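User: I would like to learn how to read this structure. Please take me through it one feature at a time.

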Amino acid sequence: MESSCNSEETRTTLATLSRKDQKKTQKNSKRQKRRRNNVKKVLKESSSNCNTDNAGNNQEEDDDKAEVEEKILALQKIVPGGESLGVDMLFEETAGYILALQCQIKTLKVLATFVEGSDKERMKLGG
């Protein structure tokens, strides 16, 4: 996916979405925490009620769940404001963050090219 960072419309849209997401997040953060806690309770209860015949499968599932949980926590630390977001909003915010980082990379490349050009020009002139 190619993004055009030069578009004022893109920047305005990203800023608007970000503000809307922040308002939604602040409003729903308690509800999302309750949902996560409820999901964790249900997962714990269901895993404790499973047959011991499936103990190997349950262990694999628990390991997978723990791994996903760790990755989500890591992502929440990386994305600005991610620690207060639910998983759905975290993924949406991550997408916007990636676009913003891509724009920054493009900007830095242009700036680096400009600086290299001005350095070469200065060297030609004996500076």
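Analyst: Start with K71, which is exposed at a relative accessible area of 54%. Exposed means over 50%, buried under 20%, and partly exposed in between (1.4 Å probe, protein chains only). This is a predicted model, where local features need pLDDT of at least 70, side-chain atom pairs count only at pLDDT 80 or more, and totals for chains, interfaces and linings use all residues. Residues are numbered from 1 along each chain as its sequence is written, and side-chain values use heavy atoms, without hydrogens and water.

User: Which residue forms a salt bridge with K71?

Analyst: Side chains of opposite charge can pair when their charged atoms come close. The rule for a salt bridge is a side-chain nitrogen of Lys or Arg within 4 Å of a carboxyl oxygen of Asp or Glu. Here the partner is E67, with the closest N and O atoms 3.3 Å apart. E67 is partly exposed, at 40% relative accessibility. The two residues lie 4 residues apart in helix α2 (residues 55-78), so about one helical turn separates them. The count by this rule is 1 salt bridge.

User: What is the mean pLDDT of helix α1 and of helix α3?

Analyst: pLDDT is the predictor's confidence in each residue, from 0 to 100. Where pLDDT is low, the predicted coordinates should not be read in detail. Among the elements of the chain, helix α1 (residues 8-48) has the lowest mean, 60, and helix α3 (residues 87-124) the highest, 91. Helices are DSSP runs of H or I with at least four residues, numbered from the N terminus. The chain average is 76, and 55% of the residues score at least 70.
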